[in-house]
Amino acid sequence: MTAQLNPRGDVAVLVPAAGAGVRLGPGRPKALRLLGGEPLLVHAVRRLAAAGSVHTIVVAAPAADVAGVRELLAPVAPVTVVAGGAERQASVALALAAVPPGPEIILVHDAARALTPPELVESVAAAVREGRHAVIPVLPVVDTIKEVGAEEMVLGTVDRSALRAVQTPQGFRRSVLAAAHAAAGDALTDDAGLVEKQGVPVFCVPGSEYALKITRPFDLALAEHLLAAADRGRTL
Ligand SMILES: Nc1ccn([C@@H]2O[C@H](COP(=O)(O)OP(=O)(O)OP(=O)(O)O)[C@@H](O)[C@H]2O)c(=O)n1
Ligand SMILES: C[C@](O)(CO)[C@H](O)COP(=O)(O)O
């Protein structure tokens with residue numbers, strides 16, 4: 001049976017957590033690496049469980065760690081854990097298949113965005129509840145963007161006024177996400193990309209600096225500082 005959080009909630013969250021974390025450097029699968037003494041996945045799930053409208057959480061874990069992840073998360077929140085796939089997209093599809101009937105809003109959230117505030121989870125879910133079929137949290141691009149060619153020669157300067165950096169959780173009507181995954185071809189790096197390919201409009205809501213994706217060692221160091229500042233009573 002699938003574990004539930006808030007039985008009156010209308011949101012299921014899929015948590016792809018099966019990646020290796022190659023860009024973070026050698027070590028355990030990234031979702032199991034420590035931040036403030038706890039695995040990234042624990043931080044991520046704790047914040048998701050704190051969002052009141054979340055009914056179900058399904059984690060896609062590295063295949064070799066499914067039992068360990070179940071044990072790890074048992075004291076944090078009632079979650080369902082499945083084995084992930086070779087690509088993020090496959091991990092999301094496997095988690096989606098484990099969602100029980102009920103929730104009509106599906107969020108997809110990277111375990112690697114471990115410090116994402118529950119408020120962002122609720123704001124994405126609310127935008128779907130209000131009628132959007134696909135919603136992504138975004139931040140403006142803060143650097144000048146260049147297009148480069150061979151030998152790293154600059155070809156031009158891109159107009160960044162229409163560019164956005166995309167985060168998770170990404171939110172969808174359940175039927176929209178299911179159809180997009182059913183039709184998926186080559187792996188894309190986010191779920192909104194699959195939905196776009198189906199011709200479904202995707203809308204943006206403001207993201208959060210705290211939803212940074214821990215990808216490289218600098219990101220982990222930054223997250224450690226943010227968490228330590230929170231423990232000293234500042235934001236988070
Ligand atoms: N086969 C995969 C690959 C990625 N992910 C998850 O997708 C999220 C976003 O991926 P990213 O942060 O890029 O993680 P990795 O793929 O682990 O990173 P890298 O490319 O550096 O190995 C992560 O929570 C990661 O665990 C997954 O569930 N299954
Ligand atoms: C889904 C995502 O987090 C949105 O920014 C991102 O695309 C995942 O990136 P990855 O490096 O391809 O895993």
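Reader: Glu152: buried or exposed?

Author: Exposed, because just 7 other C-beta atoms lie within 10 Å, and the cut-off for exposed is 12 or fewer. Keep in mind that this is a predicted model.

Reader: Where does Glu152 lie?

Author: In the loop between β8 and β9. Glu152 also has a positive phi, about 60°, although it is not a glycine.

Reader: And what is the phi of Glu151?

Author: Near 55°, so to speak another positive value in a residue other than glycine. Glu151 lies in the loop between β8 (145-148) and β9 (154-158). Glu151 counts as exposed because it has 5 C-beta neighbours inside 10 Å.

Reader: OK, switching to peptide bonds. Which one is cis?

Author: The bond from Thr168 to Pro169 is cis, with omega near 10°. Pro169 sits in the loop between β10 (164-166) and β11 (170-173).

Reader: Which residues are around ligand 2?

Author: Thr168 is one of them. The others are Arg88, Asp110, Val166, Gln167, Thr189, Asp190 and Lys213.

Reader: How does that shell divide by class?

Author: Into 4 charged, 3 polar and 1 nonpolar.

Reader: And ligand 1, how many residues surround that?

Author: 22 residues, and the closest are Pro16, Ala18, Gly19, Arg23 and Ser91. By class, the shell around ligand 1 has 10 nonpolar residues, with 6 polar and 6 charged.

Reader: Let's do a helix. Which residues of α2 are buried?

Author: Val69, Leu72 and Leu73, in a helix that covers residues 66-73. Looking down the axis of α2, the buried residues fall within an arc of 85°, so they line one face of the helix.

Reader: Why would residues a few places apart point the same way?

Author: Because an α-helix has 3.6 residues a turn, residues three or four places apart point the same way.

Reader: What's exposed on the other side of α2?

Author: Ala67 and Glu71.

Reader: And what covers the buried residues of α2?

Author: The cover includes two stretches that come one after the other in the numbering, β3 (38-39) and α1 (40-49). β4 (54-61) and β5 (80-83) are also included.

Reader: New topic, Gly102. Where's its place?

Author: In the loop between α3 (88-96) and β6 (105-108). Gly102 is partly exposed, because its count of other C-beta atoms within 10 Å is 14, which falls between the 12 or fewer of exposed and the 20 or more of buried.

Reader: How far apart are the C-alpha atoms of Gly102 and Ala12?

Author: They are separated by 8.8 Å, with the two residues 90 apart along the chain.

Reader: What about contacts across the protein, how many join residues at least 24 apart?

Author: 70%, counted among contacts between residues at least 6 apart in sequence.

Reader: Zooming out, how many helices and strands are there?

Author: The protein has 7 helices and 12 strands. Its radius of gyration is 18 Å, close to the 18 Å from the globule rule for 236 residues, so the protein is as compact as a globular protein of that length.

Reader: What box do the C-alpha atoms fill?

Author: Roughly 55 × 40 × 35 Å, taken along the principal axes. Of the 236 residues, 41% are buried.

Reader: Last one, what confidence does the predictor give?

Author: Mean pLDDT is 95, and 97% of the residues reach 70 or more. For the complex, the predictor gives an ipTM of 0.98 and a pTM of 0.96.

Technical notes. Residues numbered from 1 in each chain as written. Chains lettered and ligands numbered in written order. Predicted model: local features only at pLDDT ≥ 70, side-chain atom pairs only at ≥ 80, totals over all residues. Near = placed C-beta within 6 Å. Nonpolar A, V, L, I, M, F, W, Y, C, P; charged D, E, K, R; others polar. Helix = DSSP H or I, 4+ residues; strand = E, 2+ residues; numbered from the N terminus. pLDDT = per-residue confidence, 0-100. Arc of directions from axis to C-beta. Contact = placed C-beta atoms within 7 Å. Rg over C-alpha atoms; globule rule 2.2 N^0.38 Å.
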